Amino acid sequence: MANVNTNQVNEWRFTGSLNIQTSRDHPVSCLKFDSHEEILWVGSTTGRVSALLPTNQFSRYSAFIASQNSPVHALEPTENVIFSLTNTTLRASSKQGVPLANYTSHSMTNLSAMCHLPGSSTFLMGGYQCKLIQYDFSKEKEIRTSDLVDKEIAFMIKYNGSNIFTADKDGKVVLLLSWSLKFLSFFRFILGTQKTLKNSNTLMPFGRRGQNNDKFIKVFDLRMYKVLKPMSSLLNPRFARFMPSYCERVCSVYQAGHPQSLSLPWNLYPAGIRMFDTDSDGNSVEFPVDTSLLTAFDYSSSRNFIALGNHSGIINLFADRDHPSINENSKETIFAAPPVQPPLSFAIDDTSQTFGSIPIGFSPEPLLSDWPIECTAIVHRRRKPPTEQTNVKSIHYAVQIKNPRVNTKLKRHNIVPYFLEDTVIESTEEQKTTDERPQAIVKTKVSKLYKKRPPPPIQINRRANNIDETLETYTWNVIRHVTMQSTFSMNLVANSVVQVLYSISSLRNIIIRHICTKNSCITCELHFLFTAFSSKIGQTTGITTTNLAWALARNGISLKTGGLLSAMNQIIKTTLNDVADKDLATTISSKFDRHFCCVRCRGLQTIEQDSDHLLTLRYGSIHQASLCQLIEKALHLGPESGERECEDCKQMSRMECKRKIRELSPVLLINTNPSADEFVDFWRRQLTVFERRPVSQNAILGNVPPSPSEKKICRYGIDCRHKKTCKYIHGCIDWSSEQQKLLDEVDMDGWNHYIPSRIAAQLCEGIVRISDISDVPGYDEPNAIIYELEAMVHVIGNGEPSANWTHPVTLLKESPVASTAWTLINEQLVSRLHDHEARHVDARWKLPALLSYKQKGLEAKMNGQDIPDELFFAEENVANNETVSVAIKSMDELPKKEELVGLDAEFIKIKTDLLEFNGKFVQMRAVGRASCVDAAGEKIIFDDYVQLDDDVEVVDYLTKFSGIVAADLSSTSSDKYLTTHKRLLLRMHVMIQRGVIFVGHALHNDFSVLNVHVTEPQIIDTVVLLRLETQRMLSLQFLVKEILGEIIQSAEHDSVVDARYALKLYRRYMQINDQGTLGSEMRRIYANLPCNSPNHTASPLVVSTFSKTPDGTTEAAPKSI
């Protein structure tokens, strides 16, 4: 062992082990001795950075989190700042752990190495990304990005004072110029070389060589570009570093074996440290190290300390003397000031001591010497209210002087405000010059996927001399998504919002947990729809939402004026407000503190707490701003508070309201306020600046194949001899392959979007900062909340210069198809779109109305609630009589699962102007009476007449077929048990939920008018059972006469009687079917039909004129008889 006076090493001794409090799976990732202070910096794979004091028994000095999801790859301390490198970020912190700055860019991905150029503020960063990044932290910007030669990686970066060296794992070392990062030369070493080290003139790669796999340390002279004699090593070095001294000393750390499992005992892989001179390989010192798998190594600038870190989170320290130091001349480390202790005693006349130094025992009870709370509140000096001078004249602004250079090239110089980046620019009409005003809109072509499909034309079949009413729709639902029918304009607008509510789990859970007896409750109608969605996925017919349309109209939504934009804004606000009122835990609301300020005296008023679930964008006089800035403004500016009495000046005054955020909602629902006057003009200005799409992609969505309603299928099919000239289509369109073209043909370059796909929200002292991180895939900010765009509702126009908005569409970021980014729902059309195409907006035909951002990683489990059976008995007679309901009264009488019940309903014809734009009247059917009997037909389960609302007008009571007269449905003159439509729906949904099987005649008519959705296994329809294929459907009256030999409906219909006879027909059908004579019996019945003359006593409301074939298509059916 060398003595103290030798040129090699002193007597090294083990000084101790340190545990940085990490688990076995989170090893030490890097070590760095501070060259300015007596501090050892430690980084771990958990993203934590710790500072230890070796001269103070290695006590902890500071610690902070550099990243939540990335290890710390490198540490570089400067005089006052510690820099830490993660996968995508270079973070600067004070040595006390206070964050100062962080830098990230698009080119910073998969970083692993960092090198600080001495005497400058420049860092070089590299990794597994084929680029070398030069960053100046004093200027806080990226100076240069250089591509490495042959797309190599730079997992190690070194600097020798003149040149830069980068190394990859294949044994290649590249030499670069330090001032330009240009390629100078490279060295190719044997495959397997792992790391490189160097001083100013010597380069040392180490690894394995030869077939015998003998270990070595190779030396390369940079002055002569000559390979020197390699130095053998017993074991493969894991780390090696030059230790500058009087001679060229090398410290090599080795470890036997390469453990494949970290669960093996650590002592199976012995390690050691070997120090030697490059001039005399034999003059070396070696000592063992008891440790597990080594992961980090460093030595101090004084060469007194050596530190080794392992995968168990342990740091082993070695020193060569009794009182070692990290640096020869270290600056003094700043510590927190120690607490000042009170003096033990002092004289009573000692005026140098303060009364605050007298210790007083803590008491939880208030003291008599405590000041009142009103005297300790912070109060700012009140501003004097302005005094009105009666004898003073003022000069008012008249007009802005004209620009004398308006016709020259200098017309823009110091005349208009500067448009700075990342600032909200406000302007007035006087400040806009002629060329700054929005240019005229050029007509454009709207894609077929977004177009509103016209109603199918009624085609006349001249040969059969009748009308072909076959329905054909543009259905492209290969994704098997739930669709809804737009029967009225109110449904057309509301259905798009319903799709968004169903796609967001937090909102869906609120809706399916709510049920009440309130009439026209929007959330209840949504509850009924969502419970039926699971059985309707992928059906081309879709779900009707008539009851939801009535609920919206009766909650104040008017379509008579304003068009689509006004209706869209009303429905978004009304629907989300109703859902949020049912959210008692405020799980979807952001929480605020509202601060009011009097505009007269500027006095601060009482702070109020508030919450908001819907952010409404405000445009006002803003000329140019990003969407993130608009969201910030919507968060901080509260609604107008109007005038109130000021607490200071005691006068009625207008209050300015500003909000400070206490907690952000996990779901940000953003209403773009489409009914605002500035909506279209503002978006047109922003999209002109921000929105871009590749020129070659403009016609991609125009290549969508024609729908079935646009062209008829040729009757000859693929055997047609005139395919080139035939005006019909041949064969079937492969919709899946056509949709795949929309994903494959989208160019990934050249897109630029105004709507970000991801945003980051940073909250500090009530102020929130929103940032667009769409193009930052590795964004890593511990204090930021990341939101991802999940759903959008867009209003679609016709592409004309007049901007006639026709209908909304929904875009959802969900699909069972792996390659699908977004799902487009346009009424009955469901398609797939690329992310770029989904987020692209055009002021001529596509603008957003509702945006939904969801917190990353937020997944709320489905937590529904069944409708309580007790609501079946929630009876309410709204008529002014004493009539008692004949319905059942106890839970034991309720039908159970798979029990049969007979159901029938009677309808009336009404008209209303609430469901269409511009107050257009529409006629429709409404339920007037509904009855249900048990399986035996003896017990009436319910028999309810339904009250008419004042906002509808009855066209015809259809008394001949329904048995209903005007007095039956009036609350003032009815002698029947009269209830509301909501109570009837609750009865129906309780029975549907219990799994009851409904038996009736033409039940699809009853369920359609009631607007309830029943699964097919719960429906037994006698009009379908008792029918021959390709033949007309038969009425209940005719079937009862022919099969049962009885006569019903001779005068008026009775729903109780019809329900009972439907059950009798079903039981008779089962008997005939079991006997095997059903076919002959039905042929006999059809032989008795009256020729060319339908039975005019039958109700035209019993059987629909459309039927559904087994393959799912729709065909025309004759009128009922």
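How many salt bridges does the structure hold? There are 32, and this tour of the predicted model stops at a few of them before moving on to a strand, a helix and a lone arginine.

**Stop one: Arg-13 and Asp-322.** Select both side chains and you'll find them meeting in a salt bridge, 2.8 Å from N to O. The two residues sit 309 residues apart: Arg-13 is in strand β1 (residues 13–19), while Asp-322 is in the loop between β30 (314–319) and α1 (373–376). Turn on the surface here: Arg-13 is partly exposed at 29% relative accessibility, and Asp-322 is exposed at 63%.

**Stop two: Asp-298 and Arg-241.** Here is another salt bridge, at 3.3 Å, N to O. This pair links strand β28 (residues 294–299), home of Asp-298, to strand β24 (residues 237–244), home of Arg-241, across 57 residues of sequence. Asp-298 is buried, with a relative accessible area of 4%, whereas Arg-241 is partly exposed at 25%.

**Stop three: a network.** Now pick Glu-608 and Arg-594, whose side chains form a salt bridge at 4.0 Å, N to O. Glu-608 is in strand β37 (residues 608–612) and Arg-594 in strand β36 (residues 590–598), so the bridge ties together parts 14 residues apart in sequence. Add Asp-610 and Arg-644 to your selection: salt bridges with shared partners join these two with Arg-594 and Glu-608 into one network.

**Stop four: strand β50.** Select residues 900–912; 10 of the 13 are buried. Which strands pair with β50 in the antiparallel sense? One is β51 (residues 922–933), over 11 bridges, with Leu-903 opposite Cys-932. Another is β53 (residues 953–956), over 3 bridges, where Lys-909 stands opposite Asp-956. Then show β55 (residues 997–1000), which runs parallel to β50 and is joined to it by 3 bridges; Leu-900 has Ile-997 as its bridge partner there.

**Stop five: helix α5.** Is this helix, residues 546–553, mostly covered or mostly open? Mostly covered: 8 of its 8 residues are buried, Trp-550 among them.

**Last stop: Arg-685.** Go to helix α8 (residues 679–690) and select Arg-685. This arginine is buried but has no salt bridge. Which side chain of opposite charge is nearest? Asp-681, at 5.7 Å. Show the backbone of His-623 as well: its oxygen lies 3.1 Å from a polar atom of the Arg-685 side chain.

Definitions and conventions. Residues are numbered from 1 along each chain as its sequence is written. This is a predicted model: local features need pLDDT of at least 70, side-chain atom pairs count only at pLDDT 80 or more; totals for chains, interfaces and linings use all residues. Side-chain values use heavy atoms; hydrogens and water are left out. Helices (H or I, at least four residues) and strands (E, at least two) are DSSP runs, numbered from the N terminus. Buried means under 20% relative accessible area, exposed over 50%, partly exposed in between (1.4 Å probe, protein chains only). Lys and Arg count as positive and Asp and Glu as negative; His and the chain ends are not counted. A polar contact is a pair of N or O atoms within 3.5 Å; within protein, one must be able to donate a hydrogen and the other to accept it, and residues adjacent in sequence count only if both atoms are side-chain atoms. Two strands pair if DSSP finds at least two bridges between them.
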